[in-house]
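Here are my notes on the model you sent. They run from the sheet to the helices, then to the core and two loop residues.

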Amino acid sequence: MALVGALSNQPERLVRLDRVRRKLLSQAKQSPRSPKPLRSRAGAIQNGVVEVLAATAGPMRFMQVHAAVEQLLGRPVDKGTVKDCLWKGAHSDEPRFERLARGLYRLRKT
C-alpha cells in the first residue's frame, strides 16, 4: 500500500520540478550571468614557478615570483597557490627549490 501511495505522488513532483525549471530559465534570460573565469590548475602554476625561477640567475622574492607567473600565464593567479607551490617544492623529499630566507627562493642546483 505504501508503495502505491509513494509512486502516485511522482507526477506532482515532476510538475513542481518543471515549475522551478521554468522560473530559473526565465530569470536567466532576464539577467544572464557571465561565466566565471577558470582557475589555473596547480600543475600549470607549478610549471610556471619552475620556468620563472629557471629563467633568473639569482634568488627571487615570493612577490616577484607571483608577478612573473601571472605575466607568464597571462591571467591572475592566486597568491596562496604560488606560496604553497614554493613551500612544498622546498620541503619535499626531493626539493625543486631552495628557501634562502623568508620569502626568498631559487631553483635548486642539481
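1. First, a term for the sheet. Two strands count as paired if DSSP finds at least two bridges between them. On that footing, Glu98 stands opposite Arg106 in S3. Arg99 has a bridge partner in S3 too, namely Tyr105. Please keep in mind throughout that this is a predicted model.

2. The overall layout. The chain has five helices and three strands. Along the sequence the pattern reads α-α-α-β-α-α-β-β. Of the 110 residues in the chain, 21% are buried. Contacts with a separation of 6 or more were also sorted by sequence distance: 45% of them join residues 24 or more positions apart.

3. The sheet. In what order do the three strands of the open sheet lie? The order is S1-S3-S2, and the pairing is antiparallel. The edge strands are S1 (60-61) and S2 (97-101), and each of these pairs on one side only. S2 and S3 (residues 104-107) run antiparallel and are joined by four bridges.

4. The hairpin. S2 and S3 form a hairpin with two residues between them. Gly103 sits in the turn and has a positive phi of about 75°. A second glycine deserves a look as well. Gly74, just after H4, takes a positive phi of about 75°.

5. Helix H4. This helix covers residues 62-73, which makes 12 residues. From first C-alpha to last it reaches 16 Å, close to the 16 Å expected at 1.5 Å a residue. Its buried residues include Phe62, Val65, His66 and Val69. These four lie on the same side of H4, because they cover an arc of only 100° around the axis.

6. His66. This residue is found in H4. Is His66 buried or exposed? With a relative accessible area of 6%, His66 counts as buried, because the cut-off for buried is under 20%. Leaving out residues up to four places away in sequence, His66 touches Val77, Asp78, Lys79 and Val82.

7. Helix H5. H5 (residues 79-91) lies across S2 and S3 and runs at about 100° to S2. The helix has 13 residues and reaches 18 Å from its first C-alpha to its last, close to the 18 Å expected at 1.5 Å a residue. Its buried residues are Thr81, Val82, Cys85, Leu86, Gly89 and Ala90. They cover an arc of only 160° around the axis, so they sit on the same side of H5.

8. The core. The largest nonpolar core has 16 residues. Those with the most contacts inside it are Val49, Leu53, Val65, Val69, Val82, Leu86 and Phe97. Helix H3 (42-55), H4 and H5 each supply at least two residues of this core. Which helix gives the largest share? H3 does, with five residues.

9. Val69. Follow this residue to see H4 meet other parts of the chain. Not counting residues up to four places away in sequence, Val69 touches Ile45, Gly48, Val49, Val52 and Val77. Val69 is buried in H4 and is among the core residues with the most contacts.

10. Arg96. This residue is in the loop between H5 and S2. Its relative accessible area is 39%, so Arg96 is partly exposed. Beyond residues up to four places away in sequence, Arg96 touches Gln46, Val50, Gly89, Arg106, Leu107 and Arg108. One distance to check on screen: the C-alpha atoms of Arg96 and Lys109 are separated by 8.4 Å, with their positions 13 residues apart along the chain.

11. Pro37. Where does Pro37 lie? Pro37 is in the loop between helix H2 (10-30) and H3. Its relative accessible area is 74%, which means Pro37 is exposed. Pro37 and Arg75 are 38 residues apart in sequence, and their C-alpha atoms are 9.6 Å apart in space.

Notes
Residues are numbered from 1 along each chain as its sequence is written. This is a predicted model: local features need pLDDT of at least 70, side-chain atom pairs count only at pLDDT 80 or more; totals for chains, interfaces and linings use all residues. Side-chain values use heavy atoms; hydrogens and water are left out. Contact means heavy atoms within 4.5 Å. Axes are lines fitted to C-alpha atoms, for helices over the stretch in contact, and angles run from 0 to 180 degrees between N-to-C directions. Buried means under 20% relative accessible area, exposed over 50%, partly exposed in between (1.4 Å probe, protein chains only). The expected span of a helix is 1.5 Å times one less than its number of residues. The arc is that of the directions from the helix axis to the C-beta atoms. A nonpolar core is a set of buried Ala, Val, Leu, Ile, Met, Phe, Trp, Tyr and Cys residues joined through side-chain atoms within 4.5 Å.
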